[in-house]
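The paragraphs that follow go through a single chain fold element by element, and they are best read with the model open alongside.

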Amino acid sequence: MSQVALVPLLAWVAALACWGIALWRAPRPLLRWFVLDRALRYVFIFPLGLLGIWAFIGHVMFPAQSAAAIGWPPSPFQFEVGYANLGLGLASLYAAFTTFYARVAVAIAASCFLVGAGIGHVHDIMAYNNLTPGNAGPILVTDFLTPMAVLALLIASARRPKQRPRSPDSAALEAEIEVARDAMRSYREALDRFVKS
């Protein structure tokens, strides 16, 4: 299997490793929203974000090598596909650190693109017996796996609590702020009494 064909697998390994480290380092007990959020974050960073940028570099800067890895002749369409990958990659990196709704929007676009690419790979296998690693290898699996995983995680995280639970530090800070508010109220009342007398 070529090195190019291994990159999609490495992206998933990196996502799972980072997710595992984030969960290992997280405060206990682990909250459901945190587990899902970090899973989504690392899928958006690696299999969607960095893999999209990697595909851009391959298709735009090394089109002959990219086409050969897929079993295709070089084509002017690689330039367009490369820039589509760049857009999805950058949008995915943005979505990794933003809102649920940004993630949904990027997931819809990325899913359409990846499933379409996967269907193209399956067609190439069936019509032309194209079993090159860049067509029938891990990229074929991840073209379907990544959208399914992202959509499943988004559906699971759609029911997250409206308000995140407070950390002990936040609760302590809020208590101190309330004490300060009470002191300010008492000070104002005393000042009003003093002024009136």
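The buried residues of α4 are covered by elements that include α2, α3 and α5, where contact means heavy atoms within 4.5 Å, and where helices (H or I, at least four residues) are DSSP runs numbered from the N terminus. This is a predicted model, in which local features need pLDDT of at least 70 and side-chain atom pairs count only at pLDDT 80 or more, whereas totals for chains, interfaces and linings use all residues. Residues are numbered from 1 along each chain as its sequence is written, and side-chain values use heavy atoms, with hydrogens and water left out.

Helix α4 itself has 20 residues and reaches 28 Å from its first C-alpha to its last, close to the 28 Å expected at 1.5 Å a residue; the expected span of a helix is 1.5 Å times one less than its number of residues. Its buried residues are Gln78, Gly82, Asn85, Leu86, Leu88, Gly89, Ser92, Ala95 and Ala96, with buried meaning under 20% relative accessible area, exposed over 50%, and partly exposed in between (1.4 Å probe, protein chains only).

Several of these α4 residues reappear around His59, which is placed in helix α2 (residues 32-61). Leaving out residues up to four places away in sequence, His59 touches Ser66, Ile70, Gln78, Val81, Gly82 and Asn85. The side chain of His59 also makes a polar contact with the side chain of Gln78, at 3.4 Å; such a contact is a pair of N or O atoms within 3.5 Å, and within protein one must be able to donate a hydrogen and the other to accept it, while residues adjacent in sequence count only if both atoms are side-chain atoms. His59 counts as buried because its relative accessible area is 13%.

His59 leads on to the largest pocket, which holds about 820 Å³ of space. Of the 40 residues that line this pocket, the closest to its centre are Ala55, His59, Ile70, Asn85 and Ile139. On a 1 Å grid over the protein atoms alone, a pocket is an open set of points where a 1.4 Å probe fits, with protein on both sides within 12 Å along at least five of seven lines, and lining residues have an atom within 4 Å of a point. Grid points are joined across faces, edges and corners, and a volume is the space filled by probe spheres set on the points. Each of α1, α2, α3, α4, α5, α6 and α7 supplies at least two residues of the lining, and α2 gives the most, with nine residues. By residue type the lining divides into 24 nonpolar, 14 polar and two charged, where Ala, Val, Leu, Ile, Met, Phe, Trp, Tyr, Cys and Pro count as nonpolar, Asp, Glu, Lys and Arg as charged, and the others, Gly among them, as polar.

Helix α5 (residues 100-128) has 29 residues and reaches 41 Å from its first C-alpha to its last, close to the 42 Å expected at 1.5 Å a residue. Among the buried residues of α5 are Arg103, Ser111, His121 and Asp124, and what covers the buried residues of this helix includes α2, α3 (63-70), α4 (77-96), α6 (133-136) and α7 (138-157). In the loop between α5 and α6 lies Asn129, whose phi is near 55°, a positive value in a residue other than glycine. Asn129 counts as exposed, because its relative accessibility is 55%.

The end C-alpha atoms of α7 are 27 Å apart, which agrees with the 28 Å that its 20 residues should span at 1.5 Å a residue. Within α7, the buried residues include Ile139, Asp143, Thr146 and Ala149, whereas Leu151, also placed in helix α7, is partly exposed, with a relative accessible area of 36%. Apart from residues up to four places away in sequence, Leu151 touches Ala107 and Ser111.

Thr146 and Ala149 bring the path back to helix α1 (residues 3-25), where Trp12 is found. Trp12 touches Val43, Pro47, Thr142, Leu145, Thr146 and Ala149, not counting residues up to four places away in sequence. The C-alpha atoms of Trp12 and Thr146 are separated by 8.9 Å, although the two are 134 residues apart along the chain. With 12% relative accessibility, Trp12 counts as buried.

Leu23 is likewise found in helix α1, and Leu23 is buried, with a relative accessible area of 14%. Beyond its neighbours within four places in sequence, Leu23 is in contact with Arg28, Leu30, Phe34 and Val35. The peptide bond from Arg28 to Pro29 is cis, with omega near 0°, and Pro29 is found in the loop between α1 and α2. Most residues other than glycine have a negative phi, and most peptide bonds are trans.
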